[in-house]
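Let's take a friendly walk through a protein fold. Keep the sequence and the 3D view open while you read.

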Amino acid sequence: MKIELQAYGKVNLGLDVLRRRPDGYHEVKMIMQTVKLHDTLTFETVDEDVIVLSTNADELPVNEDNLVYKACRMLKQEYQITRGIRVFLQKELPVAAGMAGGSADAAAALIGMNKIFDLQIPKHKLMEYGVKLGADVPYCIMKGTALSEGIGEKLTALAPMPDCYILLAKPPIAVSTKMVYENLHANELKEHPDIDGMVIALEEHSLQGITERMENVLETVTQVRYPVIAEIKACMKECGAMNSLMSGSGPTVFGIFTEKEKAEKAADAIRSRKLAKQVFVTQPYNV
């Protein structure tokens, strides 16, 4: 048996960190939005009791260090599956980009295992498995527009994002999420994004209301260290973006456009200025 699934990336329309908890974790309040840019995973059952993972992306491990492998192993062990699985991961999403690419792949692996072995695991239970793999995995199972709270595990579905075009640009730098959070002085932040106002703007289907509230407190760390992020944001706005923001802990920057032509013109400008090689025009993915 063989099935194919898409693993969709995400951007953070707003990202706030409320405080650093005594246990070292950070309490967040953020709005997540799935985008149509995706990886593709192909699953095929085999008779031998193995997990065989391959990918077009040379930089990714294909052993137990990969979240896809971990997700497959978790359900194989949990449900005592003796047949094997072969997975091919066609990577399109940028790696280590603040777009939850690895988490999306892990989510697709859980969904794929559930389908191909007919395990009949309900969605909420799959999300519980997901949280063991990573904070963003439950959201990647849920998809769409969502409010994420706590350490990222409390999810509330929101009204879908209005139609628009989303330009994504990942500069050729690697950003450590751990480094960003370690250098964020969460308890000293003076300004916080208007997340509640953005929830209302989503309910009102107001793209203007959403874009004027786009803010990410992690930029206070990442943008200072990597000025190219500010350069990409400025370039997008120059080319007609309603607003532009870094996604997650970076380094991917996204801009919101009402017209595809303007988004593509901005993409060309980013490439010609050599600010980023990985540049994509996509749209919101609403469930």
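This report goes through helices, strands, a sheet, an aromatic pair and some backbone details, in that order. Please keep in mind that this is a predicted model.

## Helices α1 and α2

Start with helix α1, which covers residues 67-78, and helix α2, which covers residues 101-116. Their axes come within 8 Å and cross at roughly 30°. An angle under 35 degrees counts as roughly parallel, and α1 and α2 are therefore roughly parallel to each other. The crossing in which α1 passes α2 is right-handed.

Which residues of α1 meet α2? They are L67, V68, A71, C72, L75 and K76. On the α2 side, they meet G102, S103, D105, A106, A109, L110, M113 and N114. Sorted by character, the residues of this contact are nine nonpolar, three polar and two charged.

## Helix α3 joins in

Helix α3 spans residues 123-133 and packs with α2 at an angle of about 140°, the axes being 10 Å apart. That angle makes α2 oblique to α3. The crossing of these two helices is right-handed. In α2, the residues A106, L110, I111 and N114 take part, and in α3 their counterparts are L126, Y129, G130 and L133. This contact has six nonpolar residues, two polar ones and no charged ones.

Helix α3 also packs with α1, at an angle of about 130° and with the axes 11 Å apart. The helices α1 and α3 are therefore oblique to each other, and their crossing is right-handed. From α1 come L67, K70, A71, M74, L75 and E78, which meet L126, Y129, K132 and L133 of α3. Here the count is seven nonpolar, no polar and three charged residues.

Try finding L126 in your view: L126 meets residues of α2, and L126 also meets residues of α1.

## Strand β1 and its partners

Now turn to strand β1, residues 2-20, and strand β2, residues 26-46. How many bridges join them? There are 16, and the two strands run antiparallel. As one example to look for, V11 stands opposite Q33 in β2. The hairpin of β1 and β2 has five residues between the strands, and in this hairpin G24 takes a positive phi near 95°.

Strand β1 is also joined to strand β8, residues 215-216, by two bridges. These two strands run parallel. In β8, E215 is the bridge partner of G14.

## A four-stranded sheet

Another place to explore is an open sheet of four strands in the order β9-β10-β7-β11, with antiparallel pairing. Which strands stand at the edges? They are β9 (243-246) and β11; each has a single partner strand, so one side of each is left without a neighbour in the sheet. From one strand to the next, the twist averages 15°.

Within this sheet, β9 and strand β10 (residues 253-257) pair in the antiparallel sense over four bridges. N243 stands opposite I256 in β10. Helices lie against these strands too. Helix α9, residues 228-238, lies across β7 (165-170), β9 and β10, running at about 10° to β10. Helix α10, residues 260-272, packs on the sheet and touches β7, β10 and β11. The direction of α10 makes about 10° with that of β7.

## An aromatic pair

A pair of aromatic rings is described by the distance of the centres and the angle of the planes. A search of the whole structure finds two such pairs. One of them is formed by Y8 and Y285, with 4.0 Å from centre to centre and 25° between the planes, and this pair is stacked. The two residues are 277 apart along the chain: Y8 sits in strand β1, while Y285 belongs to the segment after β11 (278-282). The pair therefore links distant parts of the chain.

## Backbone details

Finally, look at two loops. The peptide bond from G250 to P251 is cis, with omega near 5°. P251 lies in the loop between β9 and β10.

The other loop runs between β4 (84-90) and α2, and A100 lies there. Phi of A100 is near 60°, a positive value in a residue other than glycine.

How values were computed. Residues are numbered from 1 along each chain as its sequence is written. This is a predicted model: local features need pLDDT of at least 70, side-chain atom pairs count only at pLDDT 80 or more; totals for chains, interfaces and linings use all residues. Side-chain values use heavy atoms; hydrogens and water are left out. Axes are lines fitted to C-alpha atoms, for helices over the stretch in contact, and angles run from 0 to 180 degrees between N-to-C directions. Angles under 35 degrees count as roughly parallel, over 145 as roughly antiparallel, 65 to 115 as roughly perpendicular and the rest as oblique. A crossing is left-handed if the near helix is turned anticlockwise from the far one by less than a right angle, and right-handed if clockwise. Contact means heavy atoms within 4.5 Å. Ala, Val, Leu, Ile, Met, Phe, Trp, Tyr, Cys and Pro count as nonpolar, Asp, Glu, Lys and Arg as charged, and the others, Gly among them, as polar. Two strands pair if DSSP finds at least two bridges between them. Rings of Phe, Tyr and Trp (its six-membered ring) pair if their centres lie within 6.5 Å; planes under 30 degrees apart count as stacked, over 60 as edge-to-face and the rest as tilted.
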